[in-house]
Amino acid sequence: MFFGADPSYLLCVFLPALLLSLGVQFYLRNTFGTWSRVPNGANVTGKQTTDVLFQRTSLAPVRVEPTRGSLTDHFDPRDNIVRLSESVYGKTTVSALAVSAHELGHLQQYQTGSGLIKARGFLLPAIQYSPTLSYMSILMGIIFNISGLVWLGVLFFGLLVLFSFLTLPIELDASRRAIRMLEESGLLVSAEDKSGAQAVLRAAAMTYLAAAVTSLLQLFYYIGIARRR
């Protein structure tokens, strides 16, 4: 990005964002790794967790398949498929229990017509073009000294910030649904299962909080540029 040489950008945006990202990633991997060494009380794999939840909750079953990598788990609403990483799909750990239930939490959001999901879906078409339009508008506004263009870029970037902050409650809601489904289905056998699952999901949510804070720091920086035009 062309702001990289600006000392204020490095000090107020890049460095805090880097430290925050590194700290959150360390916390997530450490928490996930810790509970990946602890067997869950129900002795079910990530895939078996989804099977049980489909049987014991109101969720309509969808295909669940493995995917490569670690922490690559996700629900794909376009293909209506839940994909679980290698460290979750066939493992009988507390982490596998929590993550697989979390992805079904997202599935439940779509199946029940969550308002948060609808709101994010409404923004999605604009988000596809906002980054390019934002950076181009700000750059052209700076080059040609047109404050209106810079403010237009700020507006486009604001959509990205809104999308980022809207994603955070969606993730928290999916985790809340996950814990509730695990309790209702009897898969949280012990207090350790519940505390471990909550710890893993809390750590995962921190990554979205970090992303939201980073986008907000960038927005404040761009607003500062616009005010100086």
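The side chains of His106 and Gln109 are joined by a polar contact of 2.9 Å. I start there, in what is a predicted model, and work outwards. His106 has another polar contact, of 3.1 Å, between its side chain and that of Glu171.

Where is His106? It sits in helix α4. Is His106 buried or exposed? Its relative accessible area is 8%, and the limit for buried is under 20%, so His106 counts as buried. Leaving out residues up to four places away in sequence, His106 touches Phe75, Ile170, Glu171 and Ala174. Glu171 therefore turns up twice, as a polar partner and as a residue in contact.

Now the helix itself. Helix α4 covers residues 94-111 and lies across β2 and β3. Its direction is at about 30 degrees to β2.

That brings us to the sheet. It is open, has three strands in the order β1-β3-β2, and its pairing is mixed. The edge strands are β1, residues 63-67, and β2, residues 74-76, and each of them pairs on one side only. On average, neighbouring strands of this sheet are turned by 30 degrees against each other, ignoring direction. As a reminder, strands of a sheet pair through backbone hydrogen bonds, either parallel or antiparallel. Here, β2 and β3, the latter being residues 81-85, pair in the antiparallel sense over three bridges. For Asp76, the bridge partner in β3 is Ile81.

Between β2 and β3 there is a loop, and Asn80 is in it. Asn80 is not a glycine, yet its phi is positive, near 55 degrees. Its relative accessibility is 38%, so Asn80 counts as partly exposed. Asn43 also has a positive phi, of about 55 degrees, and is not a glycine either. Asn43 lies in the loop between α1, residues 7-35, and α2, residues 46-56. Is Asn43 buried or exposed? With a relative accessible area of 53%, Asn43 is exposed, because exposed begins over 50%.

Next, the inside of the model. The largest nonpolar core has 32 residues. Which of them touch the most other members? They are Leu53, Phe54, Val82, Leu104, Leu107, Leu182 and Leu187. Two or more residues come from each of α1, α2, β3, α4, α7 (147-184) and α8 (191-228). The element that gives the most is α4, with eight residues. There is also a second, separate core of 17 residues, which includes Val13, Ile138, Leu166 and Leu219.

Take Val82 from the largest core as an example. Again leaving out residues up to four places away in sequence, Val82 touches Val62, Arg63, Val64, Glu65, His74, Phe75, Glu103 and Leu104. Phe75 is thus in contact with Val82 and with His106.

Two remaining items. How many aromatic pairs does the structure hold? The count is five. One aromatic cluster is formed by Tyr9, Tyr135, Phe157, Tyr221 and Tyr222.

The other item is Leu209, in helix α8. Its relative accessible area is 32%, so Leu209 is partly exposed. Leu209 and Leu22 are 187 residues apart along the chain, and their C-alpha atoms are separated by 13 Å.

To go back to the start: His106 is buried, and its side chain has polar contacts with Gln109 and Glu171. That is what I have for today.

How values were computed
Residues numbered from 1 in each chain as written. Predicted model: local features only at pLDDT ≥ 70, side-chain atom pairs only at ≥ 80, totals over all residues. Heavy atoms only, no water. Pairing = 2+ DSSP bridges. Helix = DSSP H or I, 4+ residues; strand = E, 2+ residues; numbered from the N terminus. Axes fitted to C-alpha atoms, helices over the stretch in contact; angles between N-to-C directions. Contact = heavy atoms within 4.5 Å. Buried < 20%, exposed > 50% of the residue type's maximum accessible area, 1.4 Å probe, protein only. Core = buried A, V, L, I, M, F, W, Y, C linked by side-chain atoms within 4.5 Å. Phe/Tyr/Trp six-rings, centres within 6.5 Å; stacked < 30°, edge-to-face > 60°. Polar contact = N/O pair within 3.5 Å; in protein donor to acceptor, adjacent residues only side chain to side chain.
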